[in-house]
Amino acid sequence: MLNVQKYEMRSDADRNAFGNAALSMCRAVKNMSGINSANYYWVNANQIGFIIDFETGAWGPGSANQDANVIKANFAVADLSTLCLLYTSDAADDMQCVD
């Protein structure tokens with residue numbers, strides 16, 4: 001399954017801190033069981049996209065696979081940005097720009 005997320009950097013955030021937070025997030029996610037791959041990409045100068053390939057039940061809401069390092073890294077990304085897109089391959093709809 002795939003999970004795609006896009007984050008837009010807040011105007012008061014540091015770009016290097018944003019990139020480093022994204023890197024930390026991918027590294028933490030890759031260490032979880034059931035994760036096939038986790039990558040991030042600069043969409044443009046202010047947006048980062050994540051693509052996480054995972055086995056069913058290994059990622060997302062309701063997952064029993066919780067990891068403190070992933071949660072910490074996710075909060076670091078969230079502190080610097082706004083989630084603009086979330087899509088999971090089994091979801092009926094995607095969400096746009098959540099504040």
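Start by selecting Ser33, which has 53% relative accessibility and therefore counts as exposed (over 50% relative accessible area; buried means under 20%, and partly exposed is in between, with a 1.4 Å probe and protein chains only). Ser33 sits in the loop between α1 (15-30) and β2. The element names come from DSSP runs, with helices being H or I of at least four residues and strands E of at least two, numbered from the N terminus. Now show what surrounds this serine: Ser33 touches Ala58 and Asn65, leaving aside residues up to four places away in sequence. Touching here is contact, meaning heavy atoms within 4.5 Å. For a distance label, pick the C-alpha atoms of Ser33 and Trp59, which are 26 residues apart along the chain and separated by 9.5 Å.

A word on what you have open: this is a predicted model, where local features need pLDDT of at least 70 and side-chain atom pairs count only at pLDDT 80 or more, while totals for chains, interfaces and linings use all residues. Residues are numbered from 1 along each chain as its sequence is written, and side-chain values use heavy atoms, with hydrogens and water left out.

**The whole chain**

Zoom out and switch to a cartoon view. You will find 2 helices and 5 strands in the protein chain, and reading along the sequence gives the pattern β-α-β-β-α-β-β. Of the 99 residues in the protein chain, 33% are buried. If you turn on a surface, the accessible area is about 5900 Å², with 50% belonging to carbon and sulfur atoms; such areas come from the Shrake-Rupley method with a 1.4 Å probe, and for residues only the protein chains shown count as cover. Among contacts between residues at least 6 apart in sequence, 63% join residues at least 24 apart.

**Strands β2, β3 and β1**

Next, select residues 35-44 and 47-54. These are strands β2 and β3, which pair in the antiparallel sense over 8 bridges; strands pair if DSSP finds at least two bridges between them. Together β2 and β3 form a hairpin, with 2 residues between them. To see how they line up, highlight Asn39, which stands opposite Ile51 in β3. Then highlight Asn44, whose bridge partner in β3 is Gln47.

How much of β3 is covered? Colour the strand by accessibility: 6 of its 8 residues are buried, so β3 is mostly covered. Strand β3 also pairs with β1, in the antiparallel sense over 7 bridges. Here, pick Gln5, which stands opposite Phe50 in β3.

**Tyr7**

Stay with β1 (residues 2-9) and select Tyr7, which lies in this strand. Is Tyr7 buried or exposed? Tyr7 is buried, because its relative accessible area is 7%. Show its neighbours and you will see quite a list: beyond residues up to four places away in sequence, Tyr7 touches Phe18, Asn46, Gln47, Ile48, Phe50, Asn74, Val77, Ser81, Thr82, Leu83 and Cys84. Another pair to label is Tyr7 and Leu80, 73 residues apart along the chain, with 9.0 Å between their C-alpha atoms.

**Helix α2**

Now select residues 68-79, helix α2. This helix has 12 residues and reaches 16 Å from its first C-alpha to its last, close to the 16 Å expected at 1.5 Å a residue (the expected span is 1.5 Å times one less than the number of residues). Colour Val70, Ala73 and Val77, which are buried in α2. They cover an arc of only 65° around the axis, which puts them on the same side of α2; the arc is that of the directions from the helix axis to the C-beta atoms. An α-helix has 3.6 residues a turn, so residues three or four places apart point the same way. Turn to the other side of α2 and you meet Ala68, Lys72 and Phe75, which are exposed.

One more stop in α2 is Asn69. At 53% relative accessibility, Asn69 counts as exposed. Its C-alpha atom is separated by 9.4 Å from that of Asn31, 38 residues apart along the chain.

**Two cysteines to finish**

Finally, select Cys26 and Cys84. Cys26 counts as buried at 5% relative accessibility, and Cys84 counts as buried at 5% too. The structure holds 0 disulfides, a disulfide being a pair of cysteine sulfur atoms within 2.5 Å.
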